[in-house]
Amino acid sequence: MEPTSPMSPSPNLKRSTSFREFVTRVGPSYGDLVEKATNDVFPFASTILDCVLFFHNTLALTVYFLFVSESLERISFWPANSKHLGEPYAHVVTILWTALVGCWLSTWPTIGRLARLANSSPAVLWLMMFSIWMECPFGPFPIHREDIRPHVELREPLAAAFADDWVRRSPAVLCIVVFASFWHTNCVAVAREFHDATPTRLLALSFTSSSLLGLLYYLIAWGGYITWGERLLHAPNIVSLYSPENPAFICVRAGLAFSLSIAIPLNVFPIRESVQNMRPFDKMPKALRRILLGTDPRTRANREHEILGVILVLIPMTLSLCFSNVVQLITFLGGSLVSLLMIVFPCIVFRLVAPPDCRIWFWFVLLAGGAVAMFLVLASWGWIGDSA
């Protein structure tokens, strides 16, 4: 964005990323927009956003590490699969390999090249959807007993494909759905590097991507439930119920591992900007800071990016080696932290685009978004409904 743009960071803002010293980034960050919308009302809103972003992305990246590990360990030709090394060692080696790739990609200065690779995620979702429906009870290749994992019995008839307590489980499941649909932390970074970013093109991009993603998740979930029924409640994910020797699901697992390996550094970018706003390097001794960052301003910005990117990958890597309950992590993230990032803070940013004579719409959107977010928070804590 141009410096003269009304959406560019104002020199009156106190956030460090609003200053011109970070020459590798052009345009406002998510926190810049929040501060611009609340600077005269609630000056600490962007600081809260930075903290929420840090905790959310750290836990979300932990989930990605666990998903990559689960996908690769079930591929027969993966050198570090569970058959070759055994369960604990295969998990550790796969996590370390994923962290190595994530550390390298997170040192890139901008999100542009990674955003192009992120197109693999929708392609993998389409492949998963077609694979599930090809092997569902109505598909041309129904699942046979010998293809099912040893501890999983043959599926029940279609009539028993839904849990009896689905109403009580719906709030917790909604938290998982919110987490699965959450790409918002990268929206600002993608939008500021979007070529010819007119309001019409950005509006079309937002609604088209959200609609296609929702349709894909619906078809995947529907195909999984009519195939496996209530057994999905006791499985880590749909893909884990299919045979490791199934060619279609070998491709699905490999695609999931690749797309999530890209998603890990892609999600490091917004949290890296939030950490930079806290100016951690300025609190170091000058001699150590000079050794790590150098004296040239451009070299300093690049090295800050690289060091923070590596650290922000190593933290969730360590957590993924210590914790393994993916469902609880996703439910907590979707109901609490994601509800703030995807609903509350965007409603606050809406103040920047709401017409001055229509402030009632801003308050309506903010109150409605706050009500939805509070419902999700209560569901994630188990105060509404049952666990997923």
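**Exercise 1. Aromatic pairs**

Find how many aromatic pairs the structure holds, then describe the one formed by Trp 228 and Tyr 242.

*Solution.* Start with the rule. Rings of Phe, Tyr and Trp (its six-membered ring) pair if their centres lie within 6.5 Å. Planes under 30 degrees apart count as stacked, over 60 as edge-to-face and the rest as tilted. The structure holds six such pairs. In one of them, Trp 228 and Tyr 242 sit 5.5 Å apart, centre to centre. Their planes make an angle of 85°. That angle is over 60, so the pair is edge-to-face.

Next, place the partners. Trp 228 belongs to helix H9 (residues 199-228). Tyr 242 is in the loop between H9 and helix H10 (247-277). The two are 14 residues apart, and the pair links distant parts of the chain. Helices here are DSSP runs (H or I, at least four residues), strands are runs of E with at least two residues, and both are numbered from the N terminus.

Last, look for further rings. Trp 228, Tyr 242 and Phe 249 form one aromatic cluster.

A note on the model: it is predicted, local features need pLDDT of at least 70, side-chain atom pairs count only at pLDDT 80 or more, and totals for chains, interfaces and linings use all residues. Residues are numbered from 1 along each chain as its sequence is written, and side-chain values use heavy atoms, with hydrogens and water left out.

**Exercise 2. Buried or exposed?**

Sort Trp 228, Tyr 242, Phe 44 and Asp 386 into buried, partly exposed or exposed.

*Solution.* Take the cut-offs: buried means under 20% relative accessible area, exposed over 50%, partly exposed in between (1.4 Å probe, protein chains only).

- Trp 228 has 1% relative accessibility, so this residue is buried.
- Tyr 242 has 2%, so this residue is buried too.
- Phe 44 has 54%, so this residue is exposed.
- Asp 386 has 33%, so this residue is partly exposed.

Now view the chain as a whole. It has 388 residues, and buried ones make up 46% of them.

**Exercise 3. The fold and the record**

State the secondary structure of the chain, then check two annotated spans against the model.

*Solution.* Count the elements. The chain has 14 helices and zero strands.

Now turn to the record. UniProt (unreviewed entry) places the feature "transmembrane region" at several spans, including residues 41-68 and 332-353. UniProt positions are given in the numbering used here, feature names are shortened, and annotations may be inferred rather than shown by experiment.

Check the spans. Residues 41-68 are 86% helix and 0% strand, with end C-alpha atoms 43 Å apart. Residues 332-353 are 82% helix and 0% strand, and their end C-alpha atoms lie 31 Å apart.

**Exercise 4. Side chains that reach a backbone oxygen**

Which backbone oxygens do the side chains of Asn 57 and Thr 227 reach?

*Solution.* A polar contact is a pair of N or O atoms within 3.5 Å. Within protein, one atom must be able to donate a hydrogen and the other to accept it. Residues adjacent in sequence count only if both atoms are side-chain atoms.

Take Asn 57 first. This residue is in helix H2. At 1% relative accessibility, Asn 57 is buried. Its side chain reaches the backbone oxygen of Asn 267 at 2.6 Å.

Now Thr 227. This residue is in helix H9. Its relative accessible area is 0%, so Thr 227 is buried. Its side chain reaches the backbone oxygen of Gly 223 at 2.7 Å.

**Exercise 5. Far in sequence**

Give the C-alpha distances for Leu 125 with Leu 216, Met 129 with Val 252, and Asp 386 with Trp 166.

*Solution.* Begin in helix H6 (residues 120-134), which holds Leu 125. Leu 125 is buried at 10% relative accessibility. Leu 216 is 91 residues away along the chain, yet the C-alpha atoms are separated by 6.8 Å.

Stay in H6 for Met 129. Met 129 is buried at 7%. Val 252 is 123 residues away in sequence and 9.6 Å away in space.

Finish with Asp 386, in the segment after helix H14 (359-380). Asp 386 and Trp 166 are 220 residues apart in sequence, with 9.2 Å between their C-alpha atoms.
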